[in-house]
Amino acid sequence: MTILKIKNPRTGAEDYEIMAPSEKELSAIAGRLRRAQPAWHALGAEGRAAVLLKFAEALAAHREDLIACLAQDTGRHFISAIEVDGSIGSIKRWAGSGGALIEDFKDSGRSQAMPNLAYKTNLRPYPLVGCISPWN
């Protein structure tokens with residue numbers, strides 16, 4: 001593993017380190033997550049919503065710590081609180097409405113703009129994805 005020294009974006013000081021996995025370790029982690037995908041899909045919308053609601057509860061249980069960490073990095077306590085509370089609220093909202101959105105989905109199978117083009121929508125969770133998100 002490679003040790004990455006993390007700089008506080010507000011102060012420039014190195015305030016912690018993380019152990020970055022090697023390519024082999026990352027590949028093993030990704031493989032394990034991909035193998036778990038069928039079980040995640042099998043939970044159905046209600047089961048996945050229940051897991052997401054537990055995640056929202058865990059975030060809420062650590063709300064103050066999360067806000068403190070964000071505020072330390074950014075110097076913005078009020079906005080950090082909005083970000084944490086907004087994340088919790090969004091998870092709860094989507095977990096509460098996701099199943100209904102899937103149930104109400106109507107798949108006509110034909111494009112109105114191009115009637116000779118048929119399509120099929122497959123409503124299932126995304127497989128493993130990786131994202132690099134900018135700090136700002």
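## Arg48 and the start of α2

A residue is called buried when its relative accessible area is under 20%. In this predicted model, Arg48 has a relative accessibility of 13%, so Arg48 counts as buried. Arg48 is part of helix α2. Apart from residues up to four places away in sequence, Arg48 touches Trp40, His41, Leu43 and Pro125.

One of these partners, Leu43, sits in the loop between α1 and α2. With 43% relative accessibility, Leu43 is partly exposed. Its contacts, neighbours within four places in sequence left aside, are Arg48 and Val51. As for longer distances, the C-alpha atoms of Leu43 and Pro115 are 35 Å apart in space, and the two residues are separated by 72 residues in sequence.

## Nonpolar core

The largest nonpolar core consists of seven residues: Ala56, Leu59, Ile67, Ala81, Val84, Ile88 and Ile91. Two helices, α2 (44–61) and α4 (77–103), each contribute at least two residues to this core. Helix α4 gives the largest share, with four residues.

Which residues does Leu59 contact, leaving aside its neighbours within four places in sequence? They are Leu66, Ile88 and Ile91. Of these partners, Ile88 and Ile91 are also listed among the core residues.

## Nonpolar surface patch

On the surface, a nonpolar patch is formed by Leu26, Ile29, Leu33 and Leu128. Together these residues have about 310 Å² of accessible area. Leu26 belongs to helix α1, which spans residues 23–42.

Is Leu26 buried or partly exposed? The relative accessible area of Leu26 is 48%, so Leu26 is partly exposed. Patch residues must have over 30% relative accessible area, and the value for Leu26 is 48%.

## Salt bridge between the strands

How many salt bridges does a search of the whole structure find? The search gives four. One of the pairs is Glu17 with Lys5, whose side chains meet at 3.2 Å, N to O. This pair links distant parts of the chain, since Glu17 is in strand β2 (residues 14–20) and Lys5 is in strand β1 (residues 2–7), twelve residues apart. Glu17 is partly exposed, at 48% relative accessibility.

## Salt bridges around α3 and α4

Arg63 and Asp85 form another salt bridge, with 2.6 Å between the closest N and O atoms. Arg63 lies in helix α3 (residues 63–74) and Asp85 lies in helix α4, so this bridge ties together parts that are 22 residues apart in sequence. Both partners are partly exposed: Arg63 has a relative accessibility of 26%, and Asp85 has a relative accessible area of 33%.

A further salt bridge joins Arg76 to Glu83, the closest N and O atoms being 3.3 Å apart. Arg76 is partly exposed at 33% relative accessibility, and Glu83 is partly exposed at 33% as well. Which residues are joined into one network by salt bridges that share partners? The network is made up of Arg63, Glu64 and Asp85.

Note on methods
Residues are numbered from 1 along each chain as its sequence is written. This is a predicted model: local features need pLDDT of at least 70, side-chain atom pairs count only at pLDDT 80 or more; totals for chains, interfaces and linings use all residues. Side-chain values use heavy atoms; hydrogens and water are left out. Patches are made of residues with over 30% relative accessible area and no salt bridge: like charges are joined within 9 Å, nonpolar side chains (Val, Leu, Ile, Met, Phe, Trp, Tyr) within 5 Å. Accessible areas come from the Shrake-Rupley method with a 1.4 Å probe; for residues, only the protein chains shown count as cover. Buried means under 20% relative accessible area, exposed over 50%, partly exposed in between (1.4 Å probe, protein chains only). A nonpolar core is a set of buried Ala, Val, Leu, Ile, Met, Phe, Trp, Tyr and Cys residues joined through side-chain atoms within 4.5 Å. Contact means heavy atoms within 4.5 Å.
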